[in-house]
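Biologist: Please take a close look at the metal site of this model, and then say a little about its surroundings in the chain.

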Amino acid sequence: MVTCYLFGDKDNHFYLKLLFMISRRNFLKHTSLFASGAAGSAVAVSAINLSAKTQSDQYHYHLTVKAAKANIVGGHITDILSYNGHVFAPIIRAKQGVPVRIDVTNELDEPTTVHWHGLRIPVNMDGVPGTGQVPIAPGDTFTYYFTPPDAGTMWYHTHENSVDQMGRGLVGLMLVDEAEPLKNAENEVVEFDHDIPVMLKNWHLNKDGSYYKISMKRYAARQGTPGLIYTANGQTDFEYDVKAGQTVRLRMVNTSNTQMYRLNVDKPELFKHHPLKIDVLDANPLDYDLAFKDFALGAGMRIDILFVVPDSAGQTLTFLDQHKPMFKLNILANESEKRASSLPVIPKNPVIVGDLDKAEKIEIVLEWAAADDKNGDPLFWNLNTQQGFAPASCKTPNQIADFKLGNSYLVDIRNNTQYPHPIHFHGHTFKVLSYANKDIQPYLADTVMLEKNEAAQILIYADNPGMWMFHCHVIEHMAMGLVGLVKVS
Ligand SMILES: [Cu+2]
């Protein structure tokens with residue numbers, strides 16, 4: 001096995017400097033944490049317990065990255081890579097503005113990292129090998145310590161040997177609770193009756209639970225190698241009971257390597273008085289109505305839909321990828337006293353939006369390359385006419401932009417290819433202003449979906465210093481060139 005540090009050879013000056021800086025920083029941090037006794041007590045985390053929290057109002061988790069066995073396809077055992085042994089990884093529950101500490105121990109025989117997708121945190125906690133941290137070596141523990149500035153539906157995943165490690169299971173959810181109690185439109189404190197996170201992932205598995213190739217060239221050069229087994233929260237038959245009249249926050253997260261879901265529900269007519277809509281996209285509430293119909297949820301993206309369960313006891317709502325079932329909500333009768341259900345309103349996050357009038361314009365072009373590098377590794381994709389990097393030969397991705405801290409940038413992203421690309425920018429939340437081929441209302445996001453031959457204009461306010469990844473979240477596309485670095489300083 002080639003151990004690749006993704007962005008830098010070991011003789012690379014940048015790598016060595018980083019190694020020193022981070023080791024020292026972590027040493028100091030560990031020292032000060034333990035010396036002051038500030039570390040919260042460890043909390044047992046399970047996929048079911050969604051509210052693990054220490055007495056001291058600090059959040060402290062321990063993730064062990066290890067091989068495990070899972071029953072994903074009925075009656076068959078699949079070898080997976082896991083966080084704490086679960087195919088549905090522990091949900092990291094945190095709170096906006098409250099520090100969270102996550103100790104990650106690597107029990108694999110290869111390096112790994114954890115990236116906290118959607119969190120605007122310092123670059124040395126972002127989990128990207130080479131630009132943010134030294135990968136966690138087998139047997140080592142690395143402590144992530146950060147304070148989430150934003151609330152909402154986030155997720156986490158490895159950023160090392162990503163096609164294989166994510167494909168075999170190293171993905172999980174992180175839910176950041178709002179700093180203040182939620183209120184309804186009348187300013188009364190209300191809670192959801194159900195907060196239902198759904199981790200969507202499809203697996204490159206045969207019907208006997210064995211893997212087929214997670215990445216195949218003929219697909220990697222196109223939309224990405226499809227997974228055939230669909231899971232929600234690690235199950236092919238996930239279902240959940242709700243009662244008529246109850247309020248629901250349903251969160252869906254696309255943690256798949258390649259799959260883009262076209263989200264639908266099978267009985268939209270049950271919501272005829274209040275059609276289902278997407279209320280929150282990538283953890284940022286929308287301030288307009290976006291219908292929940294054929295919504296393209298690309299890899300990395302998240303939505304929350306908020307609704308009152310219709311008065312249709314005995315019915316089952318099946319959520320679909322086009323026509324393919326993903327999971328079900330069963331509607332039960334509600335015997336309790338009739339009461340007016342009022343939905344909480346999700347508050348906006350403290351995101352600073354760039355200044356369009358002062359923004360500097362830059363262009364990023366996504367193209368199809370159809371080439372192998374000199375080692376025979378495929379490089380099918382490129383950004384601004386240069387292939388990003390070749391993981392097998394450990395090249396550093398190209399820097400595609402140099403942002404000045406505190407400045408605004410109007411980025412025109414052009415997808416000159418025949419396939420969709422969900423483009424993710426680390427460490428920042430940006431505003432999607434417009435698309436070339438469809439009318440939209442502007443919204444905030446960390447991942448922008450570019451359908452084939454589409455272009456989008458996004459406004460970035462560069463407020464988080466570091467060397468940040470800008471890449472396609474179809475992980476094979478990233479691994480085969482669709483990646484660049486943006487420096488903010
Ligand atoms: Cu892509």
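Modeller: The copper site comes first, followed by a strand pair and two loop residues. This is a predicted model, in which local features need pLDDT of at least 70 and side-chain atom pairs count only at pLDDT 80 or more, while totals for chains, interfaces and linings use all residues. Residues are numbered from 1 along each chain as its sequence is written, and side-chain values use heavy atoms, with hydrogens and water left out.

The copper ion has as its protein donors His 421 through ND1, Cys 472 through SG and His 477 through ND1, at 2.0 to 2.1 Å; donors here are N, O and S atoms within 2.8 Å of the metal (3.2 Å for Na, K and Ca), and since water is not among the atoms, sites may look incomplete. Along the sequence these donor residues follow the spacing H-x50-C-x4-H. Cys 472 and His 477 are both buried, where buried means under 20% relative accessible area, exposed over 50% and partly exposed in between (1.4 Å probe, protein chains only).

Turning to the strands, which are DSSP runs of E with at least two residues, numbered from the N terminus, β1 (residues 59-70) pairs with β2 in the antiparallel sense over 6 bridges, pairing being assigned if DSSP finds at least two bridges between two strands. Ala 67 has Leu 81 in β2 as its bridge partner, and of the 6 residues of β2 (residues 78-83), 5 are buried.

Asn 187, in the loop between β8 (171-177) and β9 (194-203), has a positive phi near 70° although it is not glycine, and it counts as exposed because its relative accessibility is 56%.

Methods:
Helix = DSSP H or I, 4+ residues; strand = E, 2+ residues; numbered from the N terminus.
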